[in-house]
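Thanks for making the time this morning. I would like to walk through one chain, element by element, and I will keep to what can be read from the coordinates.

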Amino acid sequence: MLDDIWVDDSVLALRPDFAVLIMTAHGLRNGPTDDRSRAWLAEASAVEIQADKIDAWKDAYRAFGAKPQRTRPSVDALTRRMPLPEINQAVDAYNSISVRHALPIGGEDLDHYRGTARLIRATGEESSEEALGQPEPGEVIWRDDTGVTCRRWNWRQVVRTRLTEETTNAIFLLERLEPMSLEELKQAGEELADLLSEMSPGLRIASRLVSGGK
């Protein structure tokens with residue numbers, strides 16, 4: 001699926017500075033939080049919060065009509081939950097990188113996707129899990145052939161595709177806006193790949209950058 005993922009032009013028109021680094025990881029060996037992933041969380045919790053990057057996401061939410069003080073961008077919500085919560089090793093890994101770089105990151109079970117992931121502006125008629133609610137027309141959403149996988153750009157993911165301790169094939173979406181540079185985005189991807197490879201020897205990782213015009 002990596003080569004088929006796309007971002008709709010209407011999203012890029014909203015924020016031409018948007019870019020997403022997509023990473024797939026095959027052969028993941030996930031498990032409950034352990035001392036190693038707990039240390040990742042503790043180190044990230046000690047990093048100074050980069051408010052300028054988080055503010056960029058709040059502006060992006062306002063641009064499609066969301067109220068970021070009510071439905072917060074994922075990285076904003078995460079930095080308000082210090083110390084970082086323990087979920088499982090893979091989620092701990094990407095949450096720690098998310099906070100370090102003030103970078104929204106979504107991690108999902110690749111085997112539970114149906115068709116290609118794409119970032120679009122909703123019609124309001126997309127299928128969505130009841131707990132997540134129905135997307136509003138014009139809202140930025142990630143979706144696949146079944147329906148919504150994440151509402152309000154990176155606010156909340158569906159249960160269907162979430163990473164669990166049984167996940168063996170995963171996809172990670174690292175979403176960037178300025179003032180983050182593309183170089184830092186790539187660095188964050190490398191750091192995440194290192195953590196995932198540390199917990200899963202033999203892990204096969206591939207990545208692709210999608211941005212305006214690509």
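What should the 13 residues of helix α3 span at 1.5 Å a residue, and how far apart are its end C-alpha atoms? Before I answer, please keep in mind that this is a predicted model. The expected span for α3, residues 51–63, is 18 Å, and the end C-alpha atoms are 18 Å apart, so the two agree. Along this helix Lys-53, Ile-54, Ala-56, Trp-57, Lys-58, Ala-60 and Tyr-61 are buried, and what covers the buried residues includes α4 (74–79), α5 (89–101), β8 (169–176) and α6 (182–199). Just after α3 comes Gly-65, with a positive phi near 95°.

That brings me to the nonpolar cores. The largest has 28 residues, and those touching the most other members are Val-7, Phe-18, Val-20, Ile-22, Leu-119, Trp-142 and Trp-153. At least two residues of this core come from each of α1 (9–14), β2 (19–26), α3, β5 and β8, and α3 gives the largest share, with four residues. A second core, separate from this one, has 26 residues, including Ile-105, Phe-172, Ala-188 and Ala-193. If you want one residue to look at in the largest core, take Phe-18: leaving aside its neighbours within four places in sequence, its contacts include Val-7, Leu-12, Trp-57, Leu-119 and Trp-153, and also Ser-211 and Gly-212.

Now to the open sheet, which has five strands in the order β1-β4-β5-β6-β7, with mixed pairing. Its edge strands, each pairing on one side only, are β1 (6–7) and β7 (156–157). Strand β4, residues 118–121, runs antiparallel to β5 and is joined to it by four bridges, with Ile-120 opposite Ile-141. On the other pairing, β5 and β6 are also antiparallel and share two bridges: Trp-142 has Cys-150 as its bridge partner in β6, and Arg-143 has Val-148. Both faces of β5 are covered, since Val-140 and Trp-142 on one side are buried, as are Ile-141 and Arg-143 on the other. These two strands, β5 and β6, form a hairpin with four residues between them, and in the turn Gly-147 has a positive phi of about 160°.

In that same loop, between β5 (140–143) and β6 (148–151), sits Asp-144, and I would like to pause on this residue. Is Asp-144 buried or exposed? Its relative accessibility is 0%, and because the cut-off for buried is under 20%, Asp-144 counts as buried. The side chain of Asp-144 reaches the backbone nitrogen of Arg-114 at 3.0 Å, and a polar contact of 2.9 Å joins it to the side chain of Arg-160. Not counting residues up to four places away in sequence, the residues that Asp-144 touches include His-112, Tyr-113, Gly-115, Thr-116, Arg-118 and Thr-149.

Strand β3, residues 105–109, lies outside the sheet order I listed. Five of its five residues are buried, so β3 is largely enclosed by the rest of the structure. Ile-105, Gly-107 and Asp-109 point one way, whereas Gly-106 and Glu-108 point the other. Its antiparallel partner is β8, to which it is joined by five bridges, and Glu-108 stands opposite Ile-171 there.

A few backbone details deserve a second look on the screen. Most residues other than glycine have a negative phi, and most peptide bonds are trans. In the loop between β6 and β7, however, Arg-152 has a positive phi near 50°, and Trp-153 has a positive phi near 70°. Both count as buried, Arg-152 at 12% relative accessibility and Trp-153 at 0%. As for cis peptide bonds, one joins Met-82 and Pro-83, with omega about -5°, and Pro-83 lies in the loop between α4 and α5. Another runs from Glu-178 to Pro-179, with omega near 20°, and Pro-179 is in the loop between β8 and α6.

Finally, a word on annotation: the UniProt record, an unreviewed entry, places a feature called "domain: B3/B4 tRNA-binding" at residues 55–201. Over that range the chain is 31% helix and 18% strand, with the end C-alpha atoms 37 Å apart.

Technical notes:
Residues numbered from 1 in each chain as written. Predicted model: local features only at pLDDT ≥ 70, side-chain atom pairs only at ≥ 80, totals over all residues. Heavy atoms only, no water. Buried < 20%, exposed > 50% of the residue type's maximum accessible area, 1.4 Å probe, protein only. Polar contact = N/O pair within 3.5 Å; in protein donor to acceptor, adjacent residues only side chain to side chain. Contact = heavy atoms within 4.5 Å. UniProt positions renumbered as here; feature names shortened; annotations may be inferred. Pairing = 2+ DSSP bridges. Expected span 1.5 Å × (residues − 1). Core = buried A, V, L, I, M, F, W, Y, C linked by side-chain atoms within 4.5 Å.
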